[in-house]
Amino acid sequence: MARCLFCLTEADKLTDEHVFPAALGGNLVVKSATCPACNNGLSKAFEQFVAKRLTHFRRVLSIKDRCGELPKIEVKVEVNGEER
């Protein structure tokens with residue numbers, strides 16, 4: 001029986017694990033590497049946090065998410081003392 005890459009728990013069914021988070025455009029995967037609990041936990045605890053913190057860099061560098069979308073960012077511009 002295979003073991004989870006992170007928690008080393010034996011599991012019948014393991015999920016694919018992205019080497020670079022899919023939320024950051026990663027598409028290189030290790031097949032059948034993590035148990036569903038680790039996969040879901042890491043996604044919420046790490047990937048989403050990192051993706052959110054790197055939103056501006058992802059937009060500037062055109063790094064799309066797993067759905068092929070660039071992140072949207074709010075911008076405040078002031079021209080001659082007027083906010084636009």
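**Close-up 1. P36 at helix α1 and its partners from the preceding loop and strand region.** In this predicted model, P36 counts as partly exposed, at 41% relative accessibility, and its place is in helix α1, which covers residues 36-53. Leaving aside neighbours within four places in sequence, P36 is in contact with K13 and T15. The C-alpha atoms of P36 and L14 are separated by 6.7 Å, although these two residues stand 22 residues apart along the chain. Of the two contact partners, K13 lies in the loop between β2 and β3 and is exposed, with a relative accessible area of 68%. Taking K13 as the point of reference, the C-alpha atom of S43, 30 residues apart along the chain, is separated from that of K13 by 18 Å.

**Close-up 2. The surroundings of E17 in strand β3.** E17 is found in strand β3, residues 15-18, and this acidic residue is buried, with a relative accessible area of 9%. The side chain of E17 makes a polar contact with the side chain of T34, at 3.3 Å. When residues up to four places away in sequence are not counted, E17 touches F6, L28, V29, V30, A33, T34, N39 and E47, so that T34 appears both among these neighbours and as the polar partner of the E17 side chain. E17 counts as buried because its 9% relative accessible area falls under the 20% cut-off.

**Close-up 3. A nonpolar patch at the surface.** V19, F20, L28 and V30 together make a nonpolar surface patch of about 380 Å². One of these residues, F20, is found in the loop between β3 and β4, the latter strand covering residues 29-34. F20 is exposed, with a relative accessible area of 57%. Two members of the patch, L28 and V30, are also among the residues that E17 touches, and a view centred on this patch can therefore be read together with the buried E17, at 9% relative accessible area.

**Close-up 4. The salt bridges, including one between strands β3 and β4.** Side chains of opposite charge can pair when their charged atoms come close. A search of the whole structure finds three salt bridges. In one of them, the side chains of K31 and D16 meet at 3.4 Å, N to O; K31 lies in strand β4 and D16 in strand β3, so the pair ties together parts that are 15 residues apart in sequence. K31 is exposed, with a relative accessible area of 61%, whereas D16 is partly exposed, with a relative accessible area of 31%. A further salt bridge joins the side chains of E10 and R3, again with an N to O distance of 3.4 Å, and here E10 is partly exposed, with a relative accessible area of 43%. E83 forms a salt bridge with K76, the closest N and O atoms being 4.0 Å apart, and both E83 and K76 are exposed.

**Close-up 5. Two residues with positive phi, L8 and S62.** Most residues other than glycine have a negative phi. L8, which is not a glycine, nevertheless has a positive phi near 65 degrees, and this residue lies in the loop between β1 (2-3) and β2 (10-11). S62 likewise is not a glycine and has a positive phi of about 55 degrees; its place is in the loop between α2 (55-60) and β5 (78-79). S62 is partly exposed, with a relative accessible area of 46%.

**Close-up 6. Cysteines without a disulfide partner.** A disulfide is a covalent bond between the sulfur atoms of two cysteines. A search of the whole structure finds zero disulfides. C4 is in no disulfide, and the cysteine sulfur nearest to that of C4 belongs to C7, at a distance of 3.7 Å. The C4 and C7 pair is not counted as a disulfide because the 3.7 Å separation is not within the 2.5 Å cut-off. C4 counts as buried, at 0% relative accessibility, whereas C67 is exposed, with a relative accessible area of 62%.

Definitions and conventions. Residues numbered from 1 in each chain as written. Predicted model: local features only at pLDDT ≥ 70, side-chain atom pairs only at ≥ 80, totals over all residues. Heavy atoms only, no water. Buried < 20%, exposed > 50% of the residue type's maximum accessible area, 1.4 Å probe, protein only. Helix = DSSP H or I, 4+ residues; strand = E, 2+ residues; numbered from the N terminus. Polar contact = N/O pair within 3.5 Å; in protein donor to acceptor, adjacent residues only side chain to side chain. Contact = heavy atoms within 4.5 Å. Patch = residues over 30% accessible without salt bridge, like charges linked within 9 Å, V, L, I, M, F, W, Y side chains within 5 Å. Areas by Shrake-Rupley, 256 points an atom, 1.4 Å probe, with all protein chains shown as cover.
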